[in-house]
Amino acid sequence: VNAMLESICYMLRWKLEAYRRESGKDIPMLRVVGGGTGSAHWMQMLSDILQLPIEVPADSRHAGAIGTAYCALIGLGKCSDFEDINRMIRIEKRYEPRQDHMAVYDKMYHLFQRLYPTLQELYQELNG
């Protein structure tokens with residue numbers, strides 16, 4: 001299970017690096033919502049692999065419903081814009097990258113990048 005979680009984090013890092021390269025923009029922090037945020041182990045791993053702080057808002061499992069309500073508040077004129085709403089979001093947990101883990105994950109990430117093309121072909125063959 002841990003290896004599966006790591007591979008998801010490695011793919012997210014790969015996509016994050018592509019975004020940075022193609023857009024020229026940086027992401028100083030990432031907010032994460034959904035059921036996976038209930039795993040402190042996974043969120044810390046994500047922070048270590050992405051080398052970014054990870055923030056988990058309160059009630060992150062209900063982010064879709066809360067986001068819909070915020071859109072309605074803007075539509076009703078109760079909030080001016082999304083920046084106004086952003087100030088209302090309460091962060092429940094914050095995970096900071098750990099230097100000693102970052103070095104290990106960085107090495108493993110580069111190995112993952114080298115392995116992925118070969119494994120991709122094998123998985124395609126297995127799934128026919």
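This passage describes the sheet, the helix packed across it, the nonpolar core and a few individual residues of a predicted model.

A good place to start is the sheet. Three strands make up an open sheet with mixed pairing, arranged in the order β1-β2-β3. Its edges are formed by β1 (30-31) and β3 (91-95), each of which pairs on one side only. The strands β1 and β2 run parallel and are joined by 2 bridges. Within this part of the sheet, Leu30 is found opposite Ile54 of β2.

Helix α2 offers a helpful route from the sheet into the interior. The helix lies across β1, β2 and β3, and its direction makes an angle of about 145° with β2. Because 8 of its 11 residues are buried, α2 is largely enclosed by the rest of the structure. The buried positions are Met43, Gln44, Met45, Leu46, Ser47, Asp48, Ile49 and Leu50. Their packing partners are α1, β1, β2, β3 and α5. Just after the helix comes Gln51, with a positive phi near 60°.

The same helix reappears in the nonpolar core. In soluble globular proteins, nonpolar side chains tend to be buried together. Here the largest nonpolar core has 18 residues, and those touching the most other members are Tyr10, Met43, Met45, Leu46, Ile49, Leu50 and Ile54. At least two core residues come from each of α1 (2-23), α2 (40-50), β2 (54-57) and α5 (99-127). Of the contributions to this core, that of α2 is the greatest, at 5 residues. Met43 gives a closer view of the surroundings: beyond residues up to four places away in sequence, Met43 touches Val32, Gly36, Thr37, Ile54, Val56 and Tyr95.

Not every buried residue of α2 is nonpolar in character, and Asp48 deserves a paragraph of its own. Asp48 belongs to helix α2 and counts as buried because its relative accessibility is 0%. Its side chain makes a polar contact of 2.6 Å with the side chain of Arg98. Apart from neighbours within four places in sequence, the residues in contact with Asp48 are Glu96, Pro97, Arg98, His101, Met102 and Tyr105.

Ser60 brings in another buried polar contact, this time from a loop. Ser60 sits between β2 and α3, in the loop that links them. With a relative accessible area of 8%, Ser60 is buried, since the cut-off is under 20%. The side chains of Ser60 and Thr37 make a polar contact at 2.6 Å. Setting aside neighbours within four places in sequence, Ser60 is in contact with Val32, Val33 and Gly34 as well as Thr37. Val32 and Thr37 are also among the residues that Met43 touches.

Beyond this loop, helix α3 covers residues 63-75. Its 13 residues reach 18 Å from the first C-alpha to the last, close to the 18 Å expected at 1.5 Å a residue. Gly77 follows α3 and has a positive phi, near 80°.

Lys15 provides a contrast in its surroundings. Lys15 is part of helix α1, and its relative accessibility of 56% is why it counts as exposed. Between the C-alpha atoms of Lys15 and Arg98 the distance is 21 Å, with 83 residues separating them in sequence. Arg98, in turn, is the residue whose side chain makes the polar contact with that of buried Asp48.

Notes
Residues numbered from 1 in each chain as written. Predicted model: local features only at pLDDT ≥ 70, side-chain atom pairs only at ≥ 80, totals over all residues. Heavy atoms only, no water. Core = buried A, V, L, I, M, F, W, Y, C linked by side-chain atoms within 4.5 Å. Buried < 20%, exposed > 50% of the residue type's maximum accessible area, 1.4 Å probe, protein only. Helix = DSSP H or I, 4+ residues; strand = E, 2+ residues; numbered from the N terminus. Contact = heavy atoms within 4.5 Å. Expected span 1.5 Å × (residues − 1). Polar contact = N/O pair within 3.5 Å; in protein donor to acceptor, adjacent residues only side chain to side chain. Pairing = 2+ DSSP bridges. Axes fitted to C-alpha atoms, helices over the stretch in contact; angles between N-to-C directions.
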